[in-house]
Amino acid sequence: MDGNGMVSIQHPNGHAWRACTVRPADRVERLNLLAADAVAAQRTIQWSDD
C-alpha cells in the first residue's frame, strides 16, 4: 500500500490494476476470472499450433 492508500493488485493471468480498497472476490467474480483465464489459455494454445 502506498502513502495515499492505493494498492497494486497483480492477478496470476498477468492483469494488474490499482485500487483504493481490497475485498475478496465473490463467487461470480471468481468464475468470471476463471473463464477469462480459460479463454486466454485456449488462445495461447491455438497461437502456438500455427
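The following paragraphs go through a predicted model of a protein, from its overall make-up to a few individual residues.

The protein has 50 residues. Its secondary structure consists of two strands and one helix, and along the sequence these follow the pattern β-β-α. Of the 50 residues, 6% are buried. The protein exposes about 4400 Å², and carbon and sulfur atoms supply 59% of that area.

How confident is the prediction? The average pLDDT of the protein is 77, and 70% of the residues score at least 70. Among the elements, E2 has the highest mean pLDDT, at 83, while helix H1, which covers residues 27–48, has the lowest, at 80. Where pLDDT is low, the predicted coordinates should not be read in detail.

The strands come before the helix in the sequence pattern. Strand E1 spans residues 7–10 and strand E2 spans residues 16–19. The two run antiparallel and are joined by four bridges. Two of the facing positions can be named: Ser8 stands opposite Arg18 in E2, and Gln10 stands opposite Ala16 in E2. Together E1 and E2 form a hairpin, with five residues between them. In the turn, Gly14 has a positive phi of about 100°.

The loop between E1 and E2 also holds His11. Is His11 buried or exposed? Its relative accessible area is 14%, and since the cut-off for buried is under 20%, His11 counts as buried. Which residues does His11 contact, once its neighbours within four places in sequence are left aside? They are Trp17, Leu33 and Asp37. Trp17 lies in strand E2, whereas Leu33 and Asp37 have numbers that fall in the range of helix H1, residues 27–48. The contacts of His11 therefore involve both strand E2 and helix H1.

Trp17 can be followed in turn. With a relative accessibility of 40%, Trp17 is partly exposed, because that class lies between the limits of 20% and 50%. Not counting residues up to four places away in sequence, Trp17 touches Val7, Ser8, Ile9 and His11. One of these, Val7, is ten residues from Trp17 along the chain, and the C-alpha atoms of the two are separated by 8.5 Å. Ser8, also touched by Trp17, is the residue that stands opposite Arg18 in E2.

The last residue to consider is in the helix. Ala38 is found in H1 and is partly exposed, with a relative accessible area of 47%. Ala38 and Asn13 are 25 residues apart along the chain, and their C-alpha atoms are separated by 9.9 Å.

Terms used. Residues numbered from 1 in each chain as written. Predicted model: local features only at pLDDT ≥ 70, side-chain atom pairs only at ≥ 80, totals over all residues. Heavy atoms only, no water. Buried < 20%, exposed > 50% of the residue type's maximum accessible area, 1.4 Å probe, protein only. Areas by Shrake-Rupley, 256 points an atom, 1.4 Å probe, with all protein chains shown as cover. Pairing = 2+ DSSP bridges. Contact = heavy atoms within 4.5 Å. pLDDT = per-residue confidence, 0-100.
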